[in-house]
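Me: I should like to go through the reasoning behind several descriptions of a protein model. Please set each value against its criterion before drawing a conclusion.

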Amino acid sequence: MTEVLGVSVGASAVRMARPDLRLHTSGERELDFHNDTVDAHFDRAEDVAAESIGVVLSQNNGERHVEATGVAYRDQQQFGDIQQAMMEQRLYNYRLVPEARAALAYLEASGEIGNFSTIALYDLGSSGLTISVVDRASGDVLLAERTTDISGSDFDRLICDNQLAKQGVDLDNAVGIAEFTTRCRIAKEQLSTSGAVCLPGDSGVILISRESFEALVTVPIEYSARLVRDVITRSPQRVDALFLVGGGARIPLVEAILRSWTGLPVVTPADPEAVAAKGAALLATPVNNAPAPSSPLRSAPSPAQAAAGATALTGAPDWLSPEPVDRSVTSKRKIRGAALVAGGLAAVAAVGLTLGYGGSEDSTSAPADSEQTLTTQAPSTTRAVPTTTVAAPPPPVTTTVAPAPVAPAPAETYEAPQYDDPAPAPAPAPAPLIPGLPDFQLPQIQLPPPPVFELPRF
């Protein structure tokens, strides 16, 4: 007798299912499954799944023989991890199927999908929540979103923190914490069917009611309901019903909140945590003489892909290449800065000379003329720079106008006074020229002769 094996790989458990077609009392065949669960809390789930499949296949004897194996995977990362683990166990006769497609296959076979054409899957497991919109006719996943903000492990920690706070116990022993957390997970699972749970243990007694548990998890469940409503709103097709799968679907509060928040029919199949494994068994087909598959996440790139990658790196986009610098603008700024500094010095010198010697109106206009002369330059043009070659623009051309020569002032003649007193002091020498400023001279100032005093004669 040949059999098929379906496997789903969760973060905390590996579930295996074998379909068993029994003859119903009415003469029709009834679909039933033999389910097994392997704990994977302390080992990598993909390795546990590969080892468990190897053990089941090694037990093929007599009339019972596993002909095909189907393994459901969550995402592309887990796809590669499962392939790697199966190659390490030298197992090649298996099929990898997406979890959403496996769940749809089981719902079709069990008849629980009814007349709904487009469904949404709410898969709440120990590691996170996956929301998928699936088209029944084609089996395609139209939209999917996953979050780790809500998970079954978070519910376990909420119970653990609540019980430790009530008992006032501080568990600093790793073994004690692991044992206490495991019993909290068991308490959570029992609260799906019981009103209260009491679990004694070495690290303390866990005593919690369903009302207390629901008060702890109401906020995260409502958060997940908002995510479901957002995915349904963005779906390209109208969603007809919401199906709850995964271990978290057994919590009664989850179904109640989702029904009130979405307004859709909410269906929880029997054994929701085993739906993916059962669907994988229905989709399993034998693979004879199959070579060792290579994981797309671990395979080396081909030479063509490597060449394409090198081309992509050399041809960097425009926003990644360095922005060309307009050197003409930089030169303009430097020349203008020098002109402003020279103009400032000229203005300061003119003011000082005016205050010291009482310069005329013509001397005050010289700094303005000198500033205009220093800032005179030819306009520069900037051409568009290609993306591949950056050409430096030509340096700016500056024109310096030489100052006009200043004619020397005519020499003044000195006439001696008509009295015999000493001659007056000579006129002061002209002011020295300041380097860097235009050549100009202050007019010579003739001081009046000193008054003559005659002493009285006695």
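The exchange below takes up confidence, helices, burial, backbone angles and cores in turn.

Me: How do you know which parts of the model call for caution?

Reply: The model is predicted, and its mean pLDDT is 74, with 59% of the residues reaching 70 or more. Over residues 292-392 pLDDT stays under 50, and the model has 65 contacts there beyond four places in sequence. Residues 397-402 also stay under 50, with seven such contacts. Where pLDDT is low, the predicted coordinates should not be read in detail.

Me: Why are α3 and α8 called roughly perpendicular?

Reply: The axes of α3 (residues 99-110) and α8 (residues 275-283) cross at roughly 80 degrees and come within 7 Å. Angles of 65 to 115 degrees count as roughly perpendicular, and the two helices are therefore described in that way. On the α3 side, the contact is made by R101, A102, A103, A105, Y106 and A109. On the α8 side, V275, A276, K278, G279, A280, L282 and L283 take part.

Me: How do you know that the span of α1 agrees with the expected value?

Reply: Helix α1 covers residues 45-58, and its 14 residues should span 20 Å at 1.5 Å a residue. The end C-alpha atoms are 20 Å apart, so the two values agree. The buried residues of α1 are A45, E46, V48, A49, A50, S52, I53, G54 and V56.

Me: What makes the span of α4 close to expectation?

Reply: Helix α4, residues 152-167, has 16 residues and reaches 23 Å from its first C-alpha to its last, against an expected 22 Å. Its buried residues include F155, I159 and L164, and also D154, D156, N162 and Q163. After α4 comes G168, with a positive phi near 65 degrees.

Me: Why is S12 called buried?

Reply: The relative accessible area of S12 is 16%, and buried means under 20%; S12 is therefore classed as buried. S12 lies in the loop between β1 (2-9) and β2 (13-23). Beyond its neighbours within four places in sequence, S12 is in contact with V38, D39, A40, H41 and S126. S12 and A45 are 33 residues apart in sequence, yet their C-alpha atoms are 6.9 Å apart in space.

Me: What makes the phi of R90 notable, and why is R90 called exposed?

Reply: Most residues other than glycine have a negative phi. R90 is not a glycine, yet its phi is positive, about 60 degrees. R90 is placed in the loop between α2 (76-88) and β5 (95-98). Its relative accessible area is 66%, and exposed means over 50%, so R90 is classed as exposed.

Me: Why does D271 count as partly exposed?

Reply: D271 has 29% relative accessibility, which lies between the limits of 20% and 50%; the residue therefore counts as partly exposed. D271 is found in the loop between β12 (266-267) and α8. D271 is not a glycine either, and its phi is positive, about 50 degrees.

Me: What makes Y122 stand out in the largest nonpolar core?

Reply: This core has 39 residues, and Y122 is among those that touch the most other members, together with F155, F213, L242, L244 and L258. Helix α6 (residues 210-234) gives the most to the core, with eight residues. Leaving out residues up to four places away in sequence, Y122 touches residues including L129, I150, V228, F243 and V254. A second, separate core of 22 residues includes A49, I53, V56 and Y73.

Key: Residues are numbered from 1 along each chain as its sequence is written. This is a predicted model: local features need pLDDT of at least 70, side-chain atom pairs count only at pLDDT 80 or more; totals for chains, interfaces and linings use all residues. Side-chain values use heavy atoms; hydrogens and water are left out. A nonpolar core is a set of buried Ala, Val, Leu, Ile, Met, Phe, Trp, Tyr and Cys residues joined through side-chain atoms within 4.5 Å. Buried means under 20% relative accessible area, exposed over 50%, partly exposed in between (1.4 Å probe, protein chains only). Helices (H or I, at least four residues) and strands (E, at least two) are DSSP runs, numbered from the N terminus. Contact means heavy atoms within 4.5 Å. The expected span of a helix is 1.5 Å times one less than its number of residues. pLDDT is the predictor's confidence in each residue, from 0 to 100. Axes are lines fitted to C-alpha atoms, for helices over the stretch in contact, and angles run from 0 to 180 degrees between N-to-C directions. Angles under 35 degrees count as roughly parallel, over 145 as roughly antiparallel, 65 to 115 as roughly perpendicular and the rest as oblique.
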